[in-house]
Amino acid sequence: MNMKKKHEVEVLSAVVNSIADSARGHTIVDVGAGQGYLAQVLSFQYQHSVVAIDACSHHGSITDARAERIKKHYAAQMRKSETGNWSLNVPKTITCQVMSIDMLKALTGMSLHKDDAEQLRPLEEDNAKLEGEKYRSLCNANNDTSLVLAGLHACGDLSVTMLKTFLACKEVKAIVSIGCCYNLLSEEGIDKTETQCGFPMSAGVKSAGFSLGKNSRDLACQSAERWRGMEKDAGLHNFELHSFRAAFQMVLCKYYPEVMITNPSIGRQGKTLRRRQHRKVEYPLNHKEIVCPSLHSNMKGSCCNIEPTELETDKNSGLALDTDVLFHGHSSTKSTRCEGTKSVDKYALFEKFSQSGLCRLGLKPSQDIKFHEIWKEAEPFAELIGPYWSLRAALGPLLETFLLLDRLLFLQEQGSSLEVIMLPIFDPEVSPRNVAIIAKKILTQL
């Protein structure tokens, strides 16, 4: 578990434990559980009954395997202290892609019945079957079971589905939701979807007729805190990656116009290439050039993700990368390790970035692409990328707040039967998506 995840799990598990106790929750349902860190802390440390739901079967296997190791550790500790009467809670795992409120309601209900264990296995393999049939659920009247929904960075519409399930399912007494990936939210009037959209949720925002669009939702994912904490060199390098990406968009517009309608995304491939280039400058004799197979293959659409294969270097080994050599052709240090290394041409970096991006999109690079002409046209504007991107990204926190307030207002519109609060619980420099929406059905409703 990295430092970010450790911080998130430590803080959120304490919050969820407190909410579950106050709401008299019998079982916590971790939605979008990933590798199960939160579920396992709630199970082993706080001794709650936990169900972990995730779309990836591999994550479920990892959660189960780690839980067995933790269980053995605690069992050994109990044998040493001769306290063998202490029972251990182990989180149950369910692999299923939550596509609707009804599906989540069915999963939370069925998962708590031992008799349903055999039913869950075939359902996990066929989400459509789960969506289309009627299932016995805990979400009905005259049932004493009490559930708490928890979501640590539940992606896109999944956070919205959790909030709606909290309202629709009587047995769900409380919810702690931290959203993520606003760019993946479905939006009413913009995205074509058969189910209800993730934005807007509240009647207030709907009545205002205010729309965001994909670009604005992308911006909502920006973090002012991370930009503020970034060192100068790292910030400048980041701006250069953005200038490469802008020029790469020109490549797509000119040579692959059919791709543009799909809003193509190439992920973090630029950062991978930059790390490779750093190593090439630092260790020119050990560097091995990596070529995308599609450049030398006749297979249509055949491609791969370019990954670095060079030896990794330890950050504490003292072998610092001299980025001045990479970007300016001279060293700012007195070390002669890289003396004589030629300046890396930004055009060459752009060409590699573009070839990598085409690979990520499954496109075969054409010999007709004139990367040099594209870069020559784009380079005069490269220095404007930094100020432009900074001004644009400064709107990120505003847009994120707007999306979160829409969710808060949606819950507040349900009347006085709910207690609702929205507050930051993580250190924003460690975990930028740090705002939790916490709601609980008031005691008289429990």
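In what order do the 7 strands of the open sheet stand? The order is β3-β2-β1-β4-β5-β7-β6, and the pairing within this open sheet is mixed; helices and strands are taken here as DSSP runs, numbered from the N terminus, with H or I over at least four residues for a helix and E over at least two for a strand, and two strands pair if DSSP finds at least two bridges between them. The edge strands, each of which pairs on one side only, are β3 (92-95) and β6 (418-424). From one strand to the next the twist averages 15 degrees, where axes are lines fitted to C-alpha atoms, for helices over the stretch in contact, and angles run from 0 to 180 degrees between N-to-C directions.

The model is a predicted one, in which local features need pLDDT of at least 70 and side-chain atom pairs count only at pLDDT 80 or more, while totals for chains, interfaces and linings use all residues. Residues are numbered from 1 along each chain as its sequence is written, and side-chain values use heavy atoms, with hydrogens and water left out.

At the β6 edge, 7 bridges join β6 to β7 (residues 435-441), and these two strands run antiparallel; Leu423 stands opposite Ala436 in β7. Ile438 also has its place in β7, and it counts as buried at 10% relative accessibility, given that buried means under 20% relative accessible area, exposed over 50% and partly exposed in between, with a 1.4 Å probe and protein chains only. Leaving aside residues up to four places away in sequence, Ile438 touches Val15, Ile19, Ile175, Val176, Glu419, Val420, Ile421 and Leu423, contact meaning heavy atoms within 4.5 Å. Met422 lies 16 residues from Ile438 in sequence, with 6.2 Å between their C-alpha atoms.

Two helices can now be placed against the sheet. Helix α1 (residues 3-22) lies across β1 (27-31), β4 (147-155), β5 (172-180) and β7, and runs at about 155 degrees to β4. Helix α7 (residues 157-168) packs on the sheet and touches β1, β4, β5, β6 and β7, its direction making about 165 degrees with that of β5.

Helix α1 also packs with helix α2 (residues 37-45), at an angle of about 45 degrees and with the axes 9 Å apart. The two helices are therefore oblique to each other, since angles under 35 degrees count as roughly parallel, over 145 as roughly antiparallel, 65 to 115 as roughly perpendicular and the rest as oblique. Residues making the contact include Val9, Leu12 and Val16 of α1, and Leu38, Val41 and Leu42 of α2. Because 7 of the 9 residues of α2 are buried, α2 is largely enclosed by the rest of the structure.

Some backbone details lie in the loops. Arg24, in the loop between α1 and β1, has a positive phi of about 55 degrees although it is not a glycine, and Arg24 counts as exposed at 55% relative accessibility. Gln47, in the loop between α2 and β2 (49-54), has a positive phi of about 60 degrees, again without being a glycine, and is partly exposed at 25%. The peptide bond from Phe199 to Pro200 is cis, with omega near -5 degrees, and Pro200 is found in the loop between β5 and α8 (203-208).

A search of the whole structure finds 0 disulfides, a disulfide being a pair of cysteine sulfur atoms within 2.5 Å. For Cys221, the nearest cysteine sulfur is that of Cys181, 6.3 Å away.
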